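Visitor: Please take a close look at the charged side-chain pairs in this model and at the parts of the fold in which they are set.

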Amino acid sequence: MGRKEELMKRTIELAISAIEKGNTPFGAIVVKDGEIIAEAANETTSSTDPTAHAELSAIRKAAKTLGRNDLSDCELYASGEPCTMCLSAIYYTGIKKVYVAYFQDEANKYGLGNPYVREQIKLSNEERDIKYIPLLPEGVKHPYECWKNNN
């Protein structure tokens with residue numbers, strides 16, 4: 001078994017360990033130069049944190065370990081295809097390679113994942129079930145301008 005297969009095997013073990021704590025079976029590992037920087041199992045149910053996906057938790061730990069948000073020199077191993085929230089984090093951190101054991105079609109067969117969100121994201125704001133509602137009070141400072149002026 002090659003190194004990449006060993007890393008994915010560990011990722012799948014993490015996914016299975018999530019079940020023991022009442023969570024859905026997802027695991028993730030962040031790797032840099034062939035070494036594990038961070039690993040995590042899904043904890044959304046046990047932590048009552050809907051954002052405690054394995055990928056997000058592993059990314060958070062990796063960023064903390066490396067002391068930076070740029071993970072472009074890292075790879076991510078995910079037991080299941082990352083959801084749209086996790087995929088966004090992957091893009092934000094600059095991770096270029098994501099290895100996946102099981103894709104969304106496989107997860108759907110077991111009632112896992114959320115294909116509904118993927119479909120909603122493709123739609124315009126007007127077509128989505130949950131629409132962004134514009135609300136901008138008068139007389140407030142513009143946070144983007146404040147940020148721009150401080151950089």
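**Charged pairs and their surroundings**

Guide: E81 and R118 join their side chains in a salt bridge, at 3.7 Å from N to O; the term denotes a side-chain nitrogen of Lys or Arg within 4 Å of a carboxyl oxygen of Asp or Glu. E81 belongs to the loop between β3 (74-80) and α3 (84-93), while R118 belongs to helix α5 (residues 115-122), so the pair ties together parts that are 37 residues apart in sequence. Helices (H or I, at least four residues) and strands (E, at least two) are taken as DSSP runs and numbered from the N terminus. E81 is partly exposed at 27% relative accessibility; with a 1.4 Å probe and protein chains only, buried stands for under 20% relative accessible area, exposed for over 50%, and partly exposed for values in between.

The model is predicted, and local features need pLDDT of at least 70, side-chain atom pairs count only at pLDDT 80 or more, and totals for chains, interfaces and linings use all residues. Residues are numbered from 1 along each chain as its sequence is written, and side-chain values use heavy atoms, with hydrogens and water left out.

The count of salt bridges comes to ten. In general, side chains of opposite charge can pair when their charged atoms come close. One such pair is formed by E106 and K109, with 3.6 Å from N to O. Both E106 and K109 lie in helix α4 (residues 104-109), three residues apart, which is about one turn of the helix. E106 is partly exposed, with a relative accessible area of 28%, whereas K109 is exposed at 65%.

Another pair consists of R68 and D73, whose closest N and O atoms are 3.0 Å apart. R68 is partly exposed at 28% relative accessibility, and D73 is partly exposed at 36%. R68 and D73 also belong to a network of salt bridges that links them with K32 and D33. Within this network, K32 is located in strand β1 (residues 27-32) and is buried, with a relative accessible area of 19%. Beyond its neighbours within four places in sequence, K32 is in contact with I37, L66, R68, D73 and C74, where contact means heavy atoms within 4.5 Å. D33 is placed in the loop between β1 and β2 (35-41) and is exposed at 66%.

The backbone at D33 also deserves a remark. Most residues other than glycine have a negative phi. The phi of D33, however, is near 50 degrees, a positive value in a residue other than glycine. T48, in the loop between β2 and α2, likewise has a positive phi, near 45 degrees. T48 is exposed, with a relative accessible area of 71%.

C74, one of the contacts of K32, lies in strand β3 and is buried at 3% relative accessibility. Apart from neighbours within four places in sequence, C74 is in contact with V30, V31, K32, L66, I95 and K96.

The helix α3, which follows the loop that holds E81, packs against another helix. The axes of helix α2 (residues 54-66) and α3 come within 8 Å and cross at roughly 25 degrees; axes are lines fitted to C-alpha atoms, for helices over the stretch in contact, and angles run from 0 to 180 degrees between N-to-C directions. The two helices are therefore roughly parallel to each other, a label for angles under 35 degrees, with over 145 counting as roughly antiparallel, 65 to 115 as roughly perpendicular and the rest as oblique. At this contact, E55, L56 and I59 in α2 meet M85, C86, A89, I90 and T93 in α3.

As a frame for these details, the chain has six helices and four strands, in the order α-β-β-α-β-α-β-α-α-α from the N terminus. Its C-alpha trace spans about 60 × 40 × 25 Å along the principal axes. Of the 151 residues in the chain, 32% are buried.
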